[in-house]
Amino acid sequence: MTPIYEEALKLIEPKYKNGFREFTQTGEADQEFSSYLDNDSNAKKAVDMIFDARARAFEEFARGLRGESLDSKVGNKFS
């Protein structure tokens, strides 16, 4: 498990952890988890954390395919 996933999972009530795993892996949710997600701000935050991390990973992957690096895009401020 990644550190971000572990942090996100801490925001999920224990009875919904399996639903969270299913939703973040497949995008599918049963009615009970959907209702929980609709009504719990921590659950929404946890899902956002996972999807934001995935979006950043895909962006970095795409840059790699194009031959760009994050440093060339924003400049290496640590050199």
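This is a short tour of the structure above, one selection at a time.

**Before you click**

You're looking at a predicted model, where local features need pLDDT of at least 70 and side-chain atom pairs count only at pLDDT 80 or more, while totals for chains, interfaces and linings use all residues. Residues are numbered from 1 along each chain as its sequence is written, and side-chain values use heavy atoms, with hydrogens and water left out.

**Stop 1: the whole chain**

Switch on the cartoon view. You should find 5 helices and 0 strands, so named because helices (H or I, at least four residues) and strands (E, at least two) are DSSP runs, numbered from the N terminus. Read from the N terminus, the order is α-α-α-α-α. The protein has 79 residues, and 23% of them count as buried. Here buried means under 20% relative accessible area, exposed means over 50%, and partly exposed is in between (1.4 Å probe, protein chains only).

**Stop 2: the nonpolar core**

Now select Ile 12, Phe 20, Phe 33, Tyr 36 and Leu 37. Of the 14 residues in the largest nonpolar core, these touch the most other members. A nonpolar core is a set of buried Ala, Val, Leu, Ile, Met, Phe, Trp, Tyr and Cys residues joined through side-chain atoms within 4.5 Å. Colour α1 (3-10), α2 (17-26), α3 (31-39) and α4 (41-66), since each supplies at least two residues of this core. The largest share, 4 residues, comes from α4. In soluble globular proteins, nonpolar side chains tend to be buried together.

**Stop 3: Tyr 36 and its stacked partner**

Stay on Tyr 36. Which residues is Tyr 36 in contact with, leaving aside its neighbours within four places in sequence? They are Leu 11, Ile 12, Glu 13, Tyr 16 and Ala 43, where contact means heavy atoms within 4.5 Å.

Next, show the rings: the structure holds 5 aromatic pairs. Rings of Phe, Tyr and Trp (its six-membered ring) pair if their centres lie within 6.5 Å; planes under 30 degrees apart count as stacked, over 60 as edge-to-face and the rest as tilted. Tyr 16 and Tyr 36 make a stacked pair, 3.9 Å centre to centre with 5° between the planes. This pair links distant parts of the chain, with Tyr 16 in the loop between α1 and α2 and Tyr 36 in helix α3, 20 residues apart. Tyr 16 is buried because its relative accessible area is 13%, and Tyr 36 is buried at 7%.

**Stop 4: a tilted pair**

Move to Phe 23 and Phe 33. Their rings are tilted, 5.8 Å centre to centre and 45° between the planes. Phe 23 sits in helix α2 and Phe 33 in helix α3, 10 residues apart. Phe 23 counts as buried at 15% relative accessibility, and Phe 33 is buried at 2%. Add Phe 51 to your selection: ring pairs link Tyr 16, Phe 23, Phe 33, Tyr 36 and Phe 51 into a cluster.

**Stop 5: Asp 40**

Go to the loop between α3 and α4, where you'll find Asp 40. Asp 40 is buried yet has no salt bridge, meaning a side-chain nitrogen of Lys or Arg within 4 Å of a carboxyl oxygen of Asp or Glu. The nearest side chain of opposite charge, Lys 44, is 8.4 Å away. What does the side chain of Asp 40 reach at 2.8 Å? Look for the backbone nitrogen of Ala 43.

**Last stop: Glu 7**

Finish in helix α1, at Glu 7. Glu 7 counts as partly exposed, at 42% relative accessibility. Select Met 49 too: the C-alpha atoms of Glu 7 and Met 49 are separated by 8.8 Å, though the residues are 42 apart along the chain.

Note on methods: Lys, Arg positive; Asp, Glu negative; His and termini not counted. Polar contact = N/O pair within 3.5 Å; in protein donor to acceptor, adjacent residues only side chain to side chain.
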